[in-house]
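Biologist: Please take me through one part of this structure in close detail, and explain each term as it comes up. I would like a connected account rather than a list.

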Amino acid sequence: MPNPSTAAARRRVTRPAAWPLLVPAAVGFAFLLLPLLGLLAAVPWTRLPEVLGRREVAEALGLSLVSATSAALLCLVLGVPLAWWLSRMRFRGHGFVRALVLVPLVMPPVVGGTALLSTFGRSGLIGAPLHQTSGITVPYSTPAVIMAATFVSMPFLVVAVEGTLRGLDPRLETAARALGASRWYAFRRVLLPAVAPGVAAGMVLAWARALGEFGATIAFAGNLPGTTQTLPLAIYLSLSKDPAAASALSLVLLVASLLAIGLAGSAAPIRGGRR
Amino acid sequence: MARRPSHAAALCVLLTAVGLTGCQRQDTTELTVAAAASLEGVFTELAGPFEDEHELRLRFSFAGSQELAAQIVQGAPYDVFASADTAQMTAVGEHALDPVLFATNELALIVPDGNPAGVTGLADLATGDVTVVLCAEQVPCGAATTRLMAATGEEIPADSLERDVTSVLTKVRMGEADAGIVYRTDALSARDDVETVPLPEGREAGIVNEYPVSALAEADDPALAGAFVSYMLSDVAQDALREAGFGTPGTEDASS
């Protein structure tokens, strides 16, 4: 804890420095906001019902919602245990393992999609034996869309949950164990409720990332209306033929993202509140 | 990645990555050419002599013609546009100063090496037992494929509609599709990895894409942009185009 006199001194020093911060802050804010206004200006409001009522739009939106939600649930089932494991790792080189998990965060999505294709595609590392033994082809299917979305969005959830887990008092788990709880019971009844807000925030972030996913999807799952054409893919392909329709579809994604951010904000009051 | 490389070094890395040379003469003029994805091989090959003659550096933007046309309409600073069909040249409207046809291309049916699904012709694709990737209808190769389906009455259930012809080629090349429809030039360029199945229906139905090239109204130096257009009509360029499998516009039949 800083002592009160230095805190007061810092306040005095920072006050004259406020406007050199405020100007770039305002520019940064405008830079982020203006493209949204540009998009809103390009939306053909009168044609909105017609564009949004098209069958392929309904299909693309439905597929986007289904795949983003499935991906978020997969992230929950796989990502929370993964985050727990990462937060408990004590061996040498655990930083490296952690970095590996976060690779999809920095990898260009289209590279991720190609990597998925080289792994789960018909001639891929796992896809080839799978195809030979069972005849299953993963790409060009809705599960492939979900896999691509999960691949790119899982790190978001892992980062959020791992951060929350690390912020917990380790004595919480120790106490539970000392009182006779099994490791699984302690995780389920003590840790999980304590990190629930972090899990919820992570899920919303993962869901939003999955909803906007483009590169990995088009590279791995392909583009077929009704099966693999999500809203971002539909936007991309209508951009050349009908830019106004693309803006209308973008509006749908924008509204969904804003809702997600609102949800994440209300779910995660603890993220800023480390005290 | 701890140290930040200088901007010049970063630029060199970038330029090498896109297959251009000439980091040592950054002050020379540049000519930016937006070209259909199917032209990548032959344009890259033709760049050198033109750069030497005019002492400039060519920068290429290869993508689906529909994407480039949309960029041009939005004011992208390209000097020249080479499209894989006349529809996309028409789409840029007055941005194109004087389009001329310089090449033609035909559709080709390709399968991965060894033809795992035993595809013998267009009719096999319509059965639905074969994994097929096609170009999306918005892309010139996809528009041509749609015309082919209309002309032959064969409805091909595609497993994916790709954003450019290169993506179709990649999926077949990787063995992730049993068949794909690309241009004859793509089939030729990838002949080590893919096999071509005869597609007589295309020529019978007269499905030939005509490639126009034009200087753009945005060109910094319209004369230089015009010189590139003329270069495409020169013997050197026409020979290279023929070698790559393109046809000559105005002639009834393309070679072989």
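Modeller: B:Glu55 sits in the loop between α2 and β2 (56-63) of chain B, where helices (H or I, at least four residues) and strands (E, at least two) are DSSP runs numbered from the N terminus. This is a predicted model, in which local features need pLDDT of at least 70 and side-chain atom pairs count only at pLDDT 80 or more, while totals for chains, interfaces and linings use all residues. Residues are numbered from 1 along each chain as its sequence is written, and chains are lettered from A and ligands numbered from 1 in the order in which they are written.

The phi angle of B:Glu55 is near 50 degrees, a positive value in a residue other than glycine. B:Glu55 is exposed, with 9 other C-beta atoms within 10 Å. The term depends on a count of other C-beta atoms, placed from the backbone, within 10 Å of a residue's own: 20 or more make it buried, 12 or fewer exposed, and anything in between partly exposed. B:Asn115, in the loop between β4 (100-112) and α5 (122-125) of chain B, has a phi near 45 degrees, again a positive value in a residue other than glycine. B:Asn115 has 15 other C-beta atoms within 10 Å and is therefore partly exposed.

The helix α2 that leads into the loop of B:Glu55 has a partner. The axes of helix α2 (residues 40-54) of chain B and helix α11 (residues 235-244) of chain B come within 10 Å and cross at roughly 155 degrees; such axes are lines fitted to C-alpha atoms, for helices over the stretch in contact, and the angles run from 0 to 180 degrees between N-to-C directions. α2(B) and α11(B) are therefore roughly antiparallel, a label for angles over 145 degrees, whereas angles under 35 count as roughly parallel, 65 to 115 as roughly perpendicular and the rest as oblique. Their crossing is right-handed, a term used when the near helix is turned clockwise from the far one by less than a right angle, with anticlockwise being left-handed.

From α2(B), the contact takes B:Gly41, B:Val42, B:Glu45, B:Leu46 and B:Pro49, and from α11(B) it takes B:Val236, B:Ala237, B:Ala240, B:Leu241 and B:Ala244. Two residues are in contact if their C-beta atoms, placed from the backbone, lie within 7 Å. By class, this contact has 8 nonpolar, 1 polar and 1 charged residues; Ala, Val, Leu, Ile, Met, Phe, Trp, Tyr, Cys and Pro count as nonpolar, Asp, Glu, Lys and Arg as charged, and the others, Gly among them, as polar.

A further part of chain B is marked in a record. In an unreviewed entry, UniProt places the feature "binding site" at B:Ser38, B:Ser65, B:Val165 and B:Tyr183. These four positions span 146 residues in sequence, yet no two of their C-alpha atoms are more than 13.8 Å apart, so they gather at one spot. UniProt positions are given in the numbering used here, with shortened feature names, and the annotations may be inferred rather than shown by experiment.

Two of these positions can be described further. B:Ser65 belongs to helix α3 (residues 65-73) of chain B and is buried, having 34 other C-beta atoms within 10 Å. Beyond residues up to four places away in sequence, B:Ser65 touches B:Ala36, B:Ser83, B:Ala84, B:Asp85, B:Gln88 and B:Pro140. B:Val165 lies in helix α7 (residues 165-173) of chain B and is likewise buried, with 29 other C-beta atoms within 10 Å. With neighbours within four places in sequence left aside, its contacts are B:Ala37, B:Ser38, B:Cys135, B:Val139, B:Cys141, B:Val182, B:Tyr183 and B:Asp186.

B:Asp164 is found in the loop between β6 (160-162) and α7 of chain B, and B:Asp164 counts as buried, with 24 C-beta neighbours inside 10 Å. Apart from residues up to four places away in sequence, B:Asp164 touches B:Ala37, B:Ala63, B:Gly64 and B:Val139. Of these, B:Val139 is 25 residues away in sequence and 6.4 Å away in space, C-alpha to C-alpha.

As background to these details, chain B has 11 helices and 9 strands, and 46% of its 256 residues are buried. Among the contacts in chain B with a separation of 6 or more, 77% are between residues 24 or more positions apart.
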